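Please look through the structure shown here before reading on; the paragraphs that follow lead through its sheets, its charged pairs and some individual residues.

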Amino acid sequence: MALDVVPVEIFLQILRYVEVVDVISLRKTCRSLRDRTYHRSLWFDILQAKIVCKGIPTPGTTELNVSSASARELEDVCVRALVLQRNWTSSRPKFTSSISFNLRDTESFANNVRKDCTSPLDPLHLRCLALYFLPDRGNRYLVVILRREQMFTAGPQTQRSFELQCWDISKGDDVLGARNNRGTVRRRSRCVARYQCTSLLAACVNADPTHPACLVVTRRVEPMVEDRPTSFALSIDFSSVNPLRNREAFREYSSFPSFKTAIRLHGPLFYATDDTHSIRIIDINTGNLLYLLKVPLLHLDATVFPEEYKCLNSVVIGNFALMFRQQWIHLYGIPDWNPTDITEAIELQHIAEYKWPFRVDSIDVMPKQHHPLQHQFVPLDPDHTQPTHTPPPPIHILLRFASIFPWPVNILHTYILPANTSFDMEGRNGELENRNHLPYLPPDETAASEGLKPHAITAIDSPVRLFTPSDTALGAYGTVLWMDAQTEASNVAHAEDRGQRVAGRVLDFTKKPRRRDADVLPGHASGSVASVDGNDGQAGPSSHRLADEGEAGGQNAMQGRRGMVFHVQEESSDWARIAMCEEEGMIAIGTTKGEVSVYKYA
């Protein structure tokens, strides 16, 4: 029987089981089959089954309404997602466009003369301290924190200051005649906001994009209240279009006495700490200190503050906060709060804990997130019933253990912290006193609770070099990204004398780990990353040349598990910080020379 005489309903049902590249190839055979491949229901089902349910990023869909999108729009979303996946998971991903900007180019560095000295200034020394992609907001804004130092010819004094810059990386203009060695266009970006200060202790971006305050910076401001620094919650006026007035785009939302180390900003709650390692939770709307998350006392001595309790990162899930410390994970229950009911800070003790087998040097954490388009679809299974409760998400962890030397070990470890799926995040927030029924790290010693402790997924060779910057990032879809000092494929376990590499790996956190965490020692990796001499991906965002999806999900996914090498520089070692927006397929690299480059792979 010829395919063109098969009823349309049956034919479309068959196409739902073939690969996208085969659907596109089929439309080239005859006009009748071509018309059938443009049915909206076909691409609606493909988007749900092959993209959303598999957790594949869909770039450029932050404002997509699936129910009103046309067949062509749905097809473009599917193609862009699969092209990005094929390119992103290849051994040598090929960026399709790049944006580079020098932080000296802003008006803030022009005519910078010290008022009390007539001697000319030496050239500025700029260093990128941190990079952040602002969550949501179209994934178009990049926040850069930099430090600038300047020596004066008239004396030995050094003037040091700091600046926060927010760049709109979606408004780049093509640079005439500027193409890199890969043939892709280099573009200019626009600085939409700047904030200058002479002292900067800490800064963090709000994890809740719906709150008007985008970030908090902590500074020393004289006179200091109770010998404490001051934190400033800042909002950004993204409508500012005049580059000469971008210093006014950062607007002060509130200010309040704070503590020198910022841990997290989640909506109106700001988490900060100091040398005591206890976490303070402050309401940025009122500046009131709400809660004090205590740490255990060593030998019941309140004057001793062990470094093992130093907080490195945190995750807030509902009414619970997980504090990832240098050698511990502490779970705290945060009661429902009302700013008018709390007159003094409430002390809270941790309700569950886990001790790492070794001291942690750096750690990135990311709760597993649902696909942003998932809520626009109904479940594929017709017999599927809505869950009776909302379980907490598992948490992905990327860490590097410390060593007895001044540098950490040359191994990165990935873990997953399983969630207690029987816990109801919506119905049990008030039952914090029930210590045996928690979302994470239940304290009982049963076999079930043993399975809810952090599990090691894999270990990755990542050598670092003394005095050479290294950095890591963890994406929402399972991509781990790191910057290290390994540039030769033949010497994967040791750092080279010079040069740097930005590499990554796409991990499958859903598989059951084969080893316990104690079996993976910091000095023994379970596998090596891919060769630096791998082949580049050849896909482009406007091309319909797709690898077979079985290959993209099989061979290329295996390449992703072996490793991807995004960038390598053989001689220089000036890369300082990296950031990743996995939803849009973007990587940002900041240097010690005040330069930032954003590479797009979609």
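**A walk through the predicted model**

Cys 581 has a relative accessible area of 4% and is therefore buried, in a model that is predicted. Cys 311, at 8% relative accessibility, likewise counts as buried, because the limit for that class is under 20%. The structure holds zero disulfides.

The charged side chains offer a second way in. Side chains of opposite charge can pair when their charged atoms come close, and the structure holds 15 salt bridges. In one of them Arg 27 pairs with Glu 75, with 2.8 Å between the closest N and O atoms. This pair links distant parts of the chain, since Arg 27 sits in the loop between α2 (20–26) and α3 (31–36), while Glu 75 belongs to helix α5 (residues 71–88), 48 residues apart. Both Arg 27 and Glu 75 are buried. Arg 27, Arg 72 and Glu 75 are joined into one network by salt bridges that share partners.

Another salt bridge brings together the side chains of Arg 194 and Glu 163, at 3.1 Å from N to O. Here the link runs between two strands, with Arg 194 in β5 (residues 185–197) and Glu 163 in β4 (residues 158–179), 31 residues apart. Arg 194 counts as buried because its relative accessibility is 2%, and Glu 163 counts as buried because its value is 0%. The salt bridge between Arg 251 and Asp 237, at 3.0 Å from N to O, connects strand β9 (residues 250–257), which holds Arg 251, with the loop between β8 (230–236) and β9, which holds Asp 237, 14 residues apart. Arg 251 has a relative accessible area of 46% and is therefore partly exposed.

Turning to the sheets, an open sheet of four strands follows the order β19-β20-β21-β22, with antiparallel pairing. Because β19 (360–367) and β22 (455–461) each have a single partner strand, they stand at the edges, and one side of each is left without a neighbour in the sheet. Neighbouring strands of this sheet are turned against each other by 20° on average, direction ignored. The antiparallel strands β21 and β22 are joined by six bridges; along them, Leu 412 stands opposite Ile 460 of β22, and Ile 416 stands opposite His 455 of β22. Although β22 is an edge strand, β22 is mostly covered, with five of its seven residues buried.

A further open sheet of four strands has the order β23-β24-β25-β26, again with antiparallel pairing. Its edges are β23 (471–474) and β26 (564–569), each with a single partner strand, so one side of each has no neighbour in the sheet. The twist from one strand to the next averages 10°. Four bridges join β23 to β24 (residues 479–484), and these two strands run antiparallel; Leu 474 has Val 480 as its bridge partner in β24.

At the surface, Ile 404, Phe 405, Trp 407, Leu 466 and Phe 467 form a nonpolar patch, with about 630 Å² of accessible area together. Phe 405 is found in the loop between β20 (395–401) and β21 (411–417), and with a relative accessible area of 48% it is partly exposed. Asn 338 lies in the loop between β16 (328–333) and β17 (346–348) and is also partly exposed, with a relative accessible area of 34%. The C-alpha atoms of Asn 338 and Leu 290 are separated by 9.3 Å, although the two residues are 48 residues apart along the chain.

Conventions
Residues numbered from 1 in each chain as written. Predicted model: local features only at pLDDT ≥ 70, side-chain atom pairs only at ≥ 80, totals over all residues. Heavy atoms only, no water. Disulfide = S-S within 2.5 Å. Buried < 20%, exposed > 50% of the residue type's maximum accessible area, 1.4 Å probe, protein only. Pairing = 2+ DSSP bridges. Axes fitted to C-alpha atoms, helices over the stretch in contact; angles between N-to-C directions. Patch = residues over 30% accessible without salt bridge, like charges linked within 9 Å, V, L, I, M, F, W, Y side chains within 5 Å. Areas by Shrake-Rupley, 256 points an atom, 1.4 Å probe, with all protein chains shown as cover. Salt bridge = Lys/Arg side-chain N within 4 Å of Asp/Glu carboxyl O.
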